[in-house]
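Reader: I would like a close look at a single part of this structure, taken slowly and with the residues named. Please begin with the setting and then stay with the part you choose.

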Amino acid sequence: MKLINEAIIQDLKQSLGIELLEEENQSEILTKLLELISENAGIKIIENFSDEDYKEFNQIPRDNLEKMENFMISKNPQAEEIFRQEAEAVKRELLGNNT
């Protein structure tokens, strides 16, 4: 996954103490967090699509994450930054730092 890189994953694991859990629990929690981040960031990116972009995006099979990512990046050069900001927002919310 390009939009959620290893630095984001490691930051989440360390900041939220996920790395202290058993491996199985780490994977489960990280998967749920990354799904939430992807959904929130994806919505922000898709909101700015033209009608044509939206139709084209919806033609991409949901299991082809790489193609979906490439499309989002091609249509919004700030896609990586949006994903990073969403990861920070989720982390702040979980830590109770909603400022």
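## A close look at helix α5

Author: Of the 99 residues in the protein, 32% are buried, and this should be read with the caution due to a predicted model. The secondary structure consists of five helices and zero strands, so that reading from the N terminus gives the order α-α-α-α-α. The C-alpha trace spans about 45 × 30 × 15 Å along its principal axes. When contacts between residues at least 6 apart in sequence are considered, 60% of them join residues at least 24 apart. The part I have chosen is helix α5, which covers residues 79-95, together with what it meets.

A good place to begin is E86, which belongs to helix α5. This glutamate counts as buried because its relative accessibility is 8%, which is under the 20% limit used for that term. What does E86 touch, if residues up to four places away in sequence are not counted? Its contacts are I37, N40, A41 and K44, and these positions lie in helix α2, which runs over 23-46. Two of these neighbours are also reached by polar contacts from the side chain of E86: one goes to the side chain of N40 at 3.4 Å, and another to the side chain of K44 at 2.6 Å. The separation along the chain can be illustrated with L36, which is 50 residues from E86 in sequence, while the C-alpha atoms of E86 and L36 are 9.0 Å apart.

Helix α5 also packs with helix α1 (residues 6-15), at an angle of about 5° and with 11 Å between the two axes. Because angles under 35 degrees are counted as roughly parallel, α1 and α5 are roughly parallel to each other. The contact is made by I8, D11, L12 and S15 on the α1 side, and by R84, A87, E88, K91 and L95 on the α5 side.

Several of these residues also take part in salt bridges, of which the structure holds six. Side chains of opposite charge can pair when their charged atoms come close. Within α5, R84 and E81 form such a bridge, with 2.5 Å from N to O; R84 and E81 are separated by about one helical turn because they stand three residues apart in the helix. R84 is partly exposed, at a relative accessible area of 36%, and E81 is likewise partly exposed, at 29%.

A further bridge in α5 joins the side chains of E88 and K91, at 3.3 Å from N to O, and here too a spacing of three residues places the partners about one helical turn apart. Their surroundings are described by different terms, since E88 counts as partly exposed at 25% relative accessibility, whereas K91 counts as buried at 11%. Through salt bridges that share partners, E88 and K91 are joined with D11 into one network. D11 is one of the α1 residues in the contact between α1 and α5.

Helix α4 (residues 65-75) is another neighbour, as its buried residues pack against α2, α3 and α5. The buried residues in α4 are M68, E69, F71 and M72, and, viewed down the axis of the helix, the buried residues fall within an arc of 160°, so they line one face. On the face turned away from that buried side, α4 carries the exposed residues E66 and S74. Among the buried residues, E69 has a relative accessibility of 6%, and a polar atom of its side chain lies 3.2 Å from the backbone nitrogen of L3.

The last residue of α4, K75, forms a salt bridge with D53, where the closest N and O atoms are 3.3 Å apart. That pair links distant parts of the chain, for K75 sits in α4 and D53 sits in helix α3 (residues 51-58), 22 residues away. K75 is partly exposed, with a relative accessible area of 38%, whereas D53 is buried, at 15%.

Returning to α5, the picture is of a helix whose E86 touches residues including N40 and K44, whose residues from R84 to L95 include those that meet α1, and which is also among the helices packed against by the buried residues of α4.

Note on methods: Residues numbered from 1 in each chain as written. Predicted model: local features only at pLDDT ≥ 70, side-chain atom pairs only at ≥ 80, totals over all residues. Heavy atoms only, no water. Helix = DSSP H or I, 4+ residues; strand = E, 2+ residues; numbered from the N terminus. Buried < 20%, exposed > 50% of the residue type's maximum accessible area, 1.4 Å probe, protein only. Polar contact = N/O pair within 3.5 Å; in protein donor to acceptor, adjacent residues only side chain to side chain. Salt bridge = Lys/Arg side-chain N within 4 Å of Asp/Glu carboxyl O. Arc of directions from axis to C-beta. Contact = heavy atoms within 4.5 Å. Axes fitted to C-alpha atoms, helices over the stretch in contact; angles between N-to-C directions. Parallel < 35°, antiparallel > 145°, perpendicular 65-115°, else oblique.
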